[in-house]
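Colleague: I would like a close look at one part of this model, the small open sheet, and after that an account of what surrounds it in the rest of the chain. Please take it slowly and connect the pieces as you go.

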Amino acid sequence: ADLQLSQESRPAWVGEWSRFFGRTEVIDNTLNPDFVRKYIMDYFFEEKQNLRFDLRLEKPLGGIPGKKCGTIILTAEELSNCRDSAMMQFCANKLDKKDFFGKSDPFMVFFRSNEDGTFTICHKTEVVKNTLNPVWKEFAIPVRALCNGDFDRTIKVEVYDWDRDGSHDFIGDFTTSYRELARGQSQFNVYEVSHTLGNGRTVTLLSFSVESEFTFLDYIKGGKKKQGNECSSLPSIGNPSQSTSLHYMNPYQMNAYAMALKAVGEIIQDYDSDKMFPALGFGAKLPPDGRVSHEFPLNGNIENPYCNGIEGILEAYHQSLKTVQLYGPTNFAPIINHVARYAAAVQDGSQYFVLLIITDGVISDMAQTKEAIVNAAKLPMSIIIVGVGQAEFDAMVELDGDDIRVSSRGKLAERDIVQFVPFRDYMDRTGNHVLSMARLAKDVLAEIPDQFISYMKSRGIKPNPAPPPYTPTGHTHHHHTQI
């Protein structure tokens, strides 16, 4: 038997399997082949990457069509690229006096050696003013930047006296390696920095430690860090039965609201364990009394606003358009605060919430929304805003905070948690809605992994260990196909 791997082309020719990755070796005379050949693929959180596996047999087996004939077990892992960071601190003793008035203003410069024997600067410490016995602050540097993962590669350190005009005076230098530094504070990490040996002018390593830089996939593999997702739809004014409304229910194609929901939801739902999503609407009069609400369940069930998957959300959305009357003003803050209450209850890293807001750009509570975003930035959540229609989205761009971080009452948001995109920028000119949705999802979700990591890192939350590989019942040996 051998196994053939293909990837679905993306995104213009969705449905065609155009990229052939390769074929494994043939293993003879066994019903439990353990294929050795591996394949390296790029992973994109923001894209749906469909794979197809074809099992080919030299001699076809007899069997009933459609009947389960076995299990293919896949093992995938992230390629390691030396993601550790080294934390270290240095001090110096009896450095040369270089200033006529005063002592010296020393700083250190670290260089990584290259394959051709040259050196590349990789770190510079702060300047410690007017001292011959400086203690520099602890600093972190990626191991790959320090030695490119080669623990025995030479690291050169130069010590200078800082001068205002930039003509810094050279005090001395020394060489070491990552392997030497990793010994920590010891006699091996006391270095002479003067041209004359034995004069007591030294630089000493005070501390050394290594921290792993965790990736988004590390948390996903740990299993505990599932993403809780919440989708929200903002009704715009207009009769959904009329073609001029952004909510127009065309029997032949989805409206922009539905396309945005489906595009983003189909990617992100795979990171939620139960695929049950609370879906809320705001800016409408509700039956039976016509009260205006900025926080109502699309399925009409206040006790249980959860919908089953993206299809369940779309169904609830279409049903709500038949029962509510779209009505202003349109307030964002109640919805953001609603999700924030859930996020505030689980700050241990076990859940991360993604709020999807689909809007026509109108907002009536800008100040309150900014305050809600500043408060939410402390919590395990991100906010995605998709603008539909042809209106100006200046307010949404301001909430995005890419150029100027969102602030409220003089307080800046702790993290950038908002991503805004106008759907019209992703509409395909040929009318290919599948392509439009793929483009939208790619851009709107691209920042989520970094936002997720920024929260986990700021709270010191590490990923859980990955669970043991799956072994089907009845297998006495672990046979698997590696990708």
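**The open sheet and its setting**

Modeller: In this predicted model, three strands make up an open sheet whose order is E16-E15-E19, with antiparallel pairing. Its edges are strand E16, residues 291-293, and strand E19, residues 325-326, each of which pairs on one side only. Strand E15, which covers residues 284-286, pairs with E19 in the antiparallel sense through two bridges, and within that pairing Ala284 has Leu326 of E19 as its bridge partner.

Turning from the sheet to the whole protein chain, the secondary structure amounts to ten helices and 25 strands. Of the 483 residues in the chain, 45% are buried, and the exposed surface of the chain is about 25400 Å², with carbon and sulfur atoms supplying 51% of that area. If one takes the contacts between residues at least 6 apart in sequence, 71% of them join residues at least 24 apart.

A loop elsewhere in the chain offers a second place to look closely. Asp96 sits in the loop between strand E5 (84-93) and strand E6 (106-113), and Asp96 counts as buried because its relative accessibility is 17%, where the cut-off is under 20%. The side chain of Asp96 is joined to that of Arg201 by a polar contact of 2.4 Å. Apart from its neighbours within four places in sequence, Asp96 is in contact with Ser104, Leu132 and Ile171 as well as with Arg201.

The cysteines can be treated briefly, since the structure holds zero disulfides. For Cys122, the closest cysteine sulfur is that of Cys147, and the two sulfurs are 9.1 Å apart, which is too far for a bond because a disulfide requires sulfur atoms within 2.5 Å. Cys147 counts as buried, because its relative accessibility is 0%.

Finally, helix H10 spans residues 448-458, and its buried residues are Ile448, Pro449, Gln451, Phe452, Ile453, Tyr455 and Met456. In reading such a list it helps to recall that an α-helix has 3.6 residues a turn, so residues three or four places apart point the same way. After H10 comes Gly460, which has a positive phi, near 65°.

To return to the part you asked about, the sheet is open and antiparallel, and E16 and E19 are its edge strands.

Key. Residues numbered from 1 in each chain as written. Predicted model: local features only at pLDDT ≥ 70, side-chain atom pairs only at ≥ 80, totals over all residues. Heavy atoms only, no water. Helix = DSSP H or I, 4+ residues; strand = E, 2+ residues; numbered from the N terminus. Buried < 20%, exposed > 50% of the residue type's maximum accessible area, 1.4 Å probe, protein only. Contact = heavy atoms within 4.5 Å. Areas by Shrake-Rupley, 256 points an atom, 1.4 Å probe, with all protein chains shown as cover. Polar contact = N/O pair within 3.5 Å; in protein donor to acceptor, adjacent residues only side chain to side chain. Pairing = 2+ DSSP bridges.
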